[in-house]
Amino acid sequence: MSTSISTSGADEMAVVAPNLESTAITQASHAPQVEDENMSSDDDVPLKKKTNGAGQKRAGGGGSSSSDDEKPLSKKPRTSTGAAAKKRRIIASDSEESDAGPSVKKELAPTPKTNGASKPRSSNAKKEISYSESDLSEDERPLAKKKATPKGAPVTNGNGKPKSKPKKPVTSESESEPSPSEESSEDEKPLAKKKPAAKPRKSASSAVATPATKKKTTIVKAEVDSDDDEVPLAKGKGAKGKSKVEDKKPIVKKEKKVKEEEEDEDKFKWWEQQEALGDGEVKWTTFEHNAVLFPPPYIPLPKNVKMKYDGVPLTLPPESEEVAGFFGAMIETDHAQDAKFRENFFRDFKGVLEKYPPKEDVKVKTLEKCDFKPMFEHFEREKEKKKAMTKDEKKAIKDAKDKMEAPYLFAMVDGRKEKVGNFRAEPPGLFRGRGEHPKKGTLKHRLRPEDIVLNIGKDAPIPKANIPGNWKGIQHDNTVTWLAHWKENVNGNAKYVFLSAGSSWKGQSDRAKFEKARELIKHVDKIRKDYTEDLKSKVMADRQRATALYFIDRLALRAGNEKGEDEADTVGCCSLRYEHVTLSPPNKVIFDFLGKDSMRFHQEVEVDNQVFKNIKLFKAEPKKKGDDLFDRLTTTLLNKHLNSMMPGLTAKVFRTYNASWTFQQQLKNTPKNGTVAEKIAAYNTANRDVAILCNHQKTVSKGFEASFAKAEDKIRALKYQRMKLRLQLFSLDPKIKKKRPELAEDESDLDEDFFERHETELMEKALDAARKKHEKDNVKLEEEGQSKKGKADLDERLKEIKAEFKELKKERKSKKVEPRKGATDEKLLEQIGKMDERIATARVQLEDRDKLKDVALGTSKINYIDPRLTVAWAKKYDVPLEKLFSKTLREKFPWAEAEADAKWVF
DNA sequence: ACTACAACTTAGAACCGCGGTA
DNA sequence: TACCGCGGTTCTAAGTTGTAGT
């Protein structure tokens, strides 16, 4: 542990996760203040006061069971049998590298009764609860007062620029559209070049231009689609028109040799520009794209494929058949077993059937009587067919698809070609909400152009949809980066089409994110000092905020906004409730709750004494299950405070900062002289530590258990071989037992049960091989015109084999193994040594696999770890970058590759 | 202040294709 | 020669943050 002690003086604070234990100790020593005393006494009990509608239960509750803690409340609490059980997540049993970051011991032991799944959730509003005066002086008033800071100041966005942008709701209004004129004029130059001076001026003017000009957003009715939309990306803005997908660029300075190089130079290297580009209001001046690609219309199933109801095949109109098919395709998944999912699906299915009933006069009343198997089997057959297609057929299909998609792949931004991300309109289907989402199973409607609003350059041609219909609206807002947007029917959430992760827009903001996290390094000492102080604040709101911040910093919790009743009940720091945190004296806190995506966060953590006391206080009477732990705190308040400590600082920055910092620290364990594989292993270990810190999980794949067991047996098989070698050695040279007593020890892990199994297996294999050989020989003999060997011959051979194995078994039992011919002490010893090595590496691999089975490395690599750390590390240790970053990742982080050398530090 | 909305980042599951292999 | 495990990619759900409207 503590790789961290090293380095600078900044250490103590800067190092992430200064071990909580030590902190606790130091803290404990000083400052017992009046209120502390009080606290331990009565006073943990704030005055009882209003309680409001606290107890209110959430409906579905599903929790059924808070019953046993062993249960992964997270995923599919489904009652169902094996399948669900197998998927269960396992809490890491130890953290070994204790040092990893905000060190927290993963808990080993089961825990108290709290259960993240327990439902009672009070109403959304923060309830206010009063705390006793003895404890906290002022502050009867909850969230209101204090915060002397930016009182009168206008709302700014950190740059001091007013950030206003009254947005017009998307109406079908016709437009009025005045003039972003000045912009377009002065703007021939790509955004990049702008002098900084230009920025303020612009945004100022646009902000001022207010109502009349209604900024740069205009929304027009979609009736367009008439004019020149044949020409997609091309035209508009003369010059730029030419870079069509396929054509090569003529211009540019010198002629390049290789094509690839050409493309390369073609890419916009925004990071080489002098000024920051991303932080302006205006994101583009010209913007062309082809909007979204709608999925093909529904194709009815063959006539002979029908779902059955109560045994009767139903002839469904395409509209209802499609919906039946959505479910039919899923009947073997966990979703289809889920009560809520079924309920919601069936409600919507019935609705559709109402409008599009089956030909037969059958009333569909219960889902139980629906038999989708014929549909399911049909889909399976189709899949098979697809798989069985020849290469050429597959290729033909792929080519057709590529051609269809080609126009959507890229957008033109200020004359540059940029890759579009999710250009496909989401197809209809059943909503797959995570965890106990109350809406899961709900039918997601098919999108039409009428649902979709486009954001596109003023002079750009309006793209034509690939299915009939007119866009819901067109706007030209150059302060945002989305291409298209719609509202999804299930939850009413907005969906957007953006450029891809490799685009300059995304790249710039990504880089800015990491730069902000690095900026935090400079402030974190002070921030930690402050919140440590505030843990003792007399102002309840401050004390809660400090405590929350402590968790966000040390445990990398998310901010935790309030959520609605019609979403899964998950929480983050600020929304933690009474039941999510349990105290375990003297100074441990046990967290057990469902976080984003309903992933369980279950950790036992040692905390500062003051934090312990605070939690006790926050949980004191009259608070109860369902109440907010931090009843005086919201994410807004927290972020406001953070922003006052460092411009632009918000809760999520801590996650980025802690993740990257931890990674950097852990990378110091890289073996300087190791092989590439060893170095990569060290890299992955560091990555894993970060993933654990951030609680990034994945479901254990269903085959895992089996394949793990198999791998264990393989190791045992190696040990078995080793044993045989040893015994040979002893027969050859009995004295060696004395000289090398360690060799006399039996292999671990091998029991009678295994021997039986293994030997039988080996024998079966040998027998099989003999039979095959027999057949093969006969074929050969026949070809050569000779007479075949008879069955007796084979039987004879089989008998021999069986006898051999009997002998083997006897040898094993008697522990006397006849040395094979040519065996010598030296050779055997060498073989044993080799075997030891193989066993050891296999063991290590297996353990690694076990540790990673429920940890997802990708998310932290993609979102939290500054890519420049990877680039620098690769350079420093001479490991090819492509071993660390996949193609897409490299496309996402070109700026890191360009920027970081071997010495770069976070 | 509080809610609703808008825009963007973060997230695990599902899907897909590839190379090893029984 | 199909199977299978796995990493990479795609998909879209679920967060955070900031602003606007009331």
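The following paragraphs describe a sheet, a nonpolar core and a helix residue in a predicted model.

The sheet is open and consists of three strands in the order β2-β6-β7, paired in antiparallel fashion. Strands β2 (287–288) and β7 (416–419) lie at the edges, and each has a single partner strand, so one side of each is left without a neighbour in the sheet. The link between β2 and strand β6 (residues 410–413) is made by two bridges, and these strands run antiparallel. Within this arrangement, glutamate 288 has methionine 412 of β6 as its bridge partner.

Attention now turns to the nonpolar core. In soluble globular proteins, nonpolar side chains tend to be buried together. In this model, the largest nonpolar core comprises 74 residues, and the members that touch the most others are Leu520, Phe551, Leu557, Leu576, Phe591, Phe630 and Phe654. Leucine 520 may serve as an illustration: when residues up to four places away in sequence are not counted, leucine 520 touches Ile527, Met646, Leu649, Val653, Phe654 and Tyr657.

A further residue to consider is alanine 686, which belongs to helix α18 (residues 676–693). Alanine 686 counts as buried because its relative accessibility is 1%, and the cut-off for a buried residue is under 20%. Once neighbours within four places in sequence are left aside, the contacts of alanine 686 are Phe663, Gln666 and Leu667. For leucine 667, the separation from alanine 686 is 19 residues in sequence, while the C-alpha atoms of the two residues are 5.9 Å apart in space.

Key: Residues numbered from 1 in each chain as written. Chains lettered and ligands numbered in written order. Predicted model: local features only at pLDDT ≥ 70, side-chain atom pairs only at ≥ 80, totals over all residues. Heavy atoms only, no water. Pairing = 2+ DSSP bridges. Helix = DSSP H or I, 4+ residues; strand = E, 2+ residues; numbered from the N terminus. Core = buried A, V, L, I, M, F, W, Y, C linked by side-chain atoms within 4.5 Å. Buried < 20%, exposed > 50% of the residue type's maximum accessible area, 1.4 Å probe, protein only. Contact = heavy atoms within 4.5 Å.
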